[in-house]
Structures are given as structure tokens and as C-alpha cells.
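Subject: Structure handover and findings

Hello,

Here is the structure we talked about handing over. Please open it next to this email and follow along.

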Amino acid sequence: MHVAVNVRFLLPGDKLEGIGRFTLETLRHMVQQHPEHTFHFLFDRAFDERYLLGPNVVPHVLRPPARHPLLWVAWFEGAVAQWLRRHRPAVFLSPDGFTTLRTRVPRVTVLHDLAFEHFPQDVNKLVLRYYRFFTPKFARASERLVAVSEATKQDIVRTYGIAESKISVVYNATDAHFRPQPAAVQQATRERYAAGKEYFLFVGALQPRKNLVNLLRAFDAFKTATGATTKLLIVGRTAWKAGPIFEVYQQLQHRHDVHLTGRVTDAELVELYAAALATCYVPYFEGFGIPVIEAQACDSPVLTSNCSSLPEVAGGAACLVDPFSVPSITAGLQRVYESPEYRQQLMEQGRRNGQRFSWAESARCLWTEVEQAAGQH
């Protein structure tokens, strides 16, 4: 069987984030699990050779690079549709929520979240127009839909009226290198990033939905209430509409204890998780929330939001707070800081929760959807 796959999120260099990581890891295992099938990887630009994941992978570069709403249309409805019409694979798998409407090839589409439907103010206007016009059409045109959490699945059902039977849940997972680190490594990490002090850690792109404005305000209130020497490290690239984050940062009484590291390598990220007093990840909407399970895999206690997919992903192994309430986040920070016993409890529960997630199993589940879509035609 020949399977075409949209892999435009497999970016050159060390630039993979949530969707890119899901794409890479599910395909890595799927290609290995099914050497009898051929996978046609459709890139939108020159690709990194490391993404040729097996001898049964055939790369194709289709132009133009799809990095803007108008170019999304050109790529998916033009270049991709034309390629599918010419080659007629058994299935077109798209792990990034986009597909093409101009094909009769069965489609399997992974939807990671519908945040733009609930918080349109956080999205560029042209991007929002594309999402709102195409996403419901993509959902209805696909033979099978995949959601990355039960919360996302139910959101698709409620928002677009899609039958539950058409949607399966395939979770994200963590890579094997996310694991606890020795005490000496943890101390060296604190020395390097936090002047030897304990720190709370945030990991994610700096953009509105990650709710850094409220986390910063809560950390400032926590510092004032406790007098703790604890710092806050913010790890991630500056994304869109980040201006208010930096405005609030400048207003903080304790801003000198907040450190923005920018992007770090995967190896550095593991060390940062493992040495953190707790990982604090409080978005007000999330399709899955990979930092939660990455932190748990590194034995970092987790404080996260009590809404959308995050309680489901945390599996009862996190301090849950109201992301819309600064006092609630502040109280959570204080509880985690003041109770070593509570932190130990969260660590132990997190280890057990992590056993639910496996890229190999996610790949098997995704392949089931591919086979089902192919079998419908």
C-alpha cells in the first residue's frame, strides 16, 4: 500500500514543537512497524535527511512553501491535490490539522485543538479566516479524524457536529530521553540557570493561549507572600502577540527573579525539567499539553490548569488551578513550594501516569485509522 503523508512540520534543524514532534514520532514508529508499505513524505521545502525514516520512505518536495494562509491554499488545494491526482495513493494522512478538499483519495486528518474557535482574539485575522473556513470542511471531508485527547474529540463533536464514531483519540507521548537526572546534574543545572536557587519552570511558546501573563502575576504575588528565593524560568521561543507578556514582565516587582532563556536543546530541556521545583504550565486552552507529561517523565512535580485537556493528560498527578484566576495560581505555587511531601506525591503519581503514553502505541492506533480509511474505498 502507498500512503502519502503531509510532513511540512518536519522542519530542518532542531525546531520541532508539538505538532512537529507528534508527526515525527508517530511516523518514525509507523514506518518501522510497516516495512511492507511505502510512505510518500510530502515536504514543502528542502528537507533534513534525518527525516527519511526508513528505506520505505520516498520524499517529495512540493512548492510553494506553505507558511502563510494564501500559500496554504496554494499548497494544499494546488500542489498537494495535483500530486494526489497524479499518483493516487491509498490514503492521504495529514498530522497537522490541514488537508485538501480537491481529492478523492481517502483522508485521515489529525486535529490537535480548536482553540481558534473559542479564543479568536489570539489569532491573526487572516489565519483565523483560513481556520474557520477550512477546518470544518476538512473535518467533514476526511474519512477518519484523529483527536489528540478525549477533550479535543468532544470539542470537535460539539463544535462541528461530527459523529463520535468518525473520531478516534491518539495521544502524544514522551521521547525516551525525558527521564530523571542525577542529583549532581540537577545542582549543576540550578547553578547554570538560577544562580543555584530553586526554580519554577514554564516550557512553551510565548503566545497568548499559554497564559504567561497570569503566571507572571501569580509568581510575583507568590514571591511577595512568601519571601522565597525561588526563581521562575521561562523556556521557549517568542511567538505571536507576545507584547502583553513583556509588558507585564516589566511591571513585576520581582522581575529580576524571572529569567527568559529562549529556546534550548532537548538535552538542556531534560535537565531543566529534572531540576525544577515544579513545572508550571497553565494555558487556558490546550489540545493536549506535552510539557505536562515531559515534566512527569523527568520527575518534576506539575502544576497545571483545571480545564480543557489538561486534567485528562495529567491523570490526577498534578496540582490543578484555575488559569483565569491569579489567586488560584498563586495558591498552587505556594502549596507546591511549602510541602515537600506534596511534591513527592505528585512525582510518584506522575511516574505512574506516564505509563499511559507510548509513541509506539500511538503509531499503531494511527495506522488503524489509515487502514480503516483505505478499507472504506
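Which backbone atom does the side chain of Thr-100 reach? The side chain of Thr-100 goes to the backbone nitrogen of Arg-102, at 3.1 Å. Bear in mind that this is a predicted model.

**Thr-100**

Thr-100 sits in the loop between strand E4 (91-94) and strand E5 (107-111). Its relative accessibility is 0%, so Thr-100 counts as buried. Setting aside neighbours within four places in sequence, Thr-100 is in contact with Phe-76, Glu-77, Val-80, Ala-81, Leu-84, Phe-92, Arg-107 and Phe-138.

**Tyr-284**

Next, another loop residue. Tyr-284 lies between strand E11 (278-281) and helix H10 (290-297). With 12% relative accessibility, under the 20% cut-off, Tyr-284 counts as buried.

Its side chain makes a polar contact with the side chain of Asp-122, at 2.4 Å. A polar atom of the Tyr-284 side chain also lies 3.4 Å from the backbone oxygen of Pro-208. Not counting residues up to four places away in sequence, Tyr-284 touches Phe-119, Asp-122, Pro-208, Arg-209, Asn-211, Cys-307, Pro-323 and Phe-324. Take Phe-119 from that list. Tyr-284 and Phe-119 are 165 residues apart along the chain, and their C-alpha atoms are separated by 9.5 Å.

**Backbone points to check**

Most residues other than glycine have a negative phi, and most peptide bonds are trans. Please look at these three places.

- Asn-211, one of the residues touched by Tyr-284, has a positive phi of about 65 degrees and is not a glycine. Asn-211 is in the loop between E8 and H7. At 5% relative accessibility, Asn-211 counts as buried.
- Ala-195 has a phi near 55 degrees, a positive value in a residue other than glycine. Its place is the loop between H6 and strand E8 (199-203). Ala-195 has 58% relative accessibility, so it counts as exposed.
- Pro-64 follows a cis peptide bond from Arg-63, with omega near 5 degrees. Pro-64 is in the loop between strand E3 (57-61) and helix H2 (69-87).

**H6 and H9**

Helix H6 covers residues 183-194 and holds Gln-187. Is Gln-187 buried, exposed or partly exposed? Gln-187 is partly exposed, at 32% relative accessible area. The C-alpha atoms of Gln-187 and Leu-216 are separated by 25 Å, with their positions 29 residues apart along the chain.

H6 packs with helix H9 (residues 266-275) at an angle of about 100 degrees, and their axes are 9 Å apart. H6 and H9 are therefore roughly perpendicular to each other. From H6, the contact uses Val-185, Gln-186, Thr-189, Arg-190, Arg-192 and Tyr-193. From H9 come Glu-268, Glu-271, Leu-272, Ala-274 and Ala-275. By class, this contact has five nonpolar, two polar and four charged residues.

**H7 and H12**

How do the axes of H7 and H12 cross, and at roughly what angle? Helix H7 (residues 212-226) and helix H12 (residues 326-338) have axes that come within 8 Å and cross at roughly 55 degrees. That angle falls outside the 65 to 115 degrees range for roughly perpendicular, and H7 and H12 are therefore oblique to each other. The crossing of H7 past H12 is right-handed.

On the H7 side are Asn-214, Leu-215, Arg-217, Ala-218, Phe-219, Ala-221, Phe-222, Ala-225 and Thr-226. They meet Val-326, Ile-329, Thr-330, Leu-333, Gln-334, Tyr-337 and Glu-338 in H12. The contact residues divide into 10 nonpolar, four polar and two charged.

**H12 and H13**

H12 also packs with helix H13 (residues 340-354). The angle is about 95 degrees and the axes are 5 Å apart. H12 and H13 are therefore roughly perpendicular to each other. Arg-335, Val-336, Tyr-337 and Glu-338 in H12 meet Pro-340, Tyr-342 and Arg-343 in H13. The classes here are four nonpolar, no polar and three charged residues. Tyr-337 and Glu-338 appear in the H12 lists for H7 and for H13.

Best wishes

How values were computed:
Residues are numbered from 1 along each chain as its sequence is written. This is a predicted model: local features need pLDDT of at least 70, side-chain atom pairs count only at pLDDT 80 or more; totals for chains, interfaces and linings use all residues. Side-chain values use heavy atoms; hydrogens and water are left out. Axes are lines fitted to C-alpha atoms, for helices over the stretch in contact, and angles run from 0 to 180 degrees between N-to-C directions. Helices (H or I, at least four residues) and strands (E, at least two) are DSSP runs, numbered from the N terminus. Angles under 35 degrees count as roughly parallel, over 145 as roughly antiparallel, 65 to 115 as roughly perpendicular and the rest as oblique. A crossing is left-handed if the near helix is turned anticlockwise from the far one by less than a right angle, and right-handed if clockwise. Contact means heavy atoms within 4.5 Å. Ala, Val, Leu, Ile, Met, Phe, Trp, Tyr, Cys and Pro count as nonpolar, Asp, Glu, Lys and Arg as charged, and the others, Gly among them, as polar. Buried means under 20% relative accessible area, exposed over 50%, partly exposed in between (1.4 Å probe, protein chains only). A polar contact is a pair of N or O atoms within 3.5 Å; within protein, one must be able to donate a hydrogen and the other to accept it, and residues adjacent in sequence count only if both atoms are side-chain atoms.
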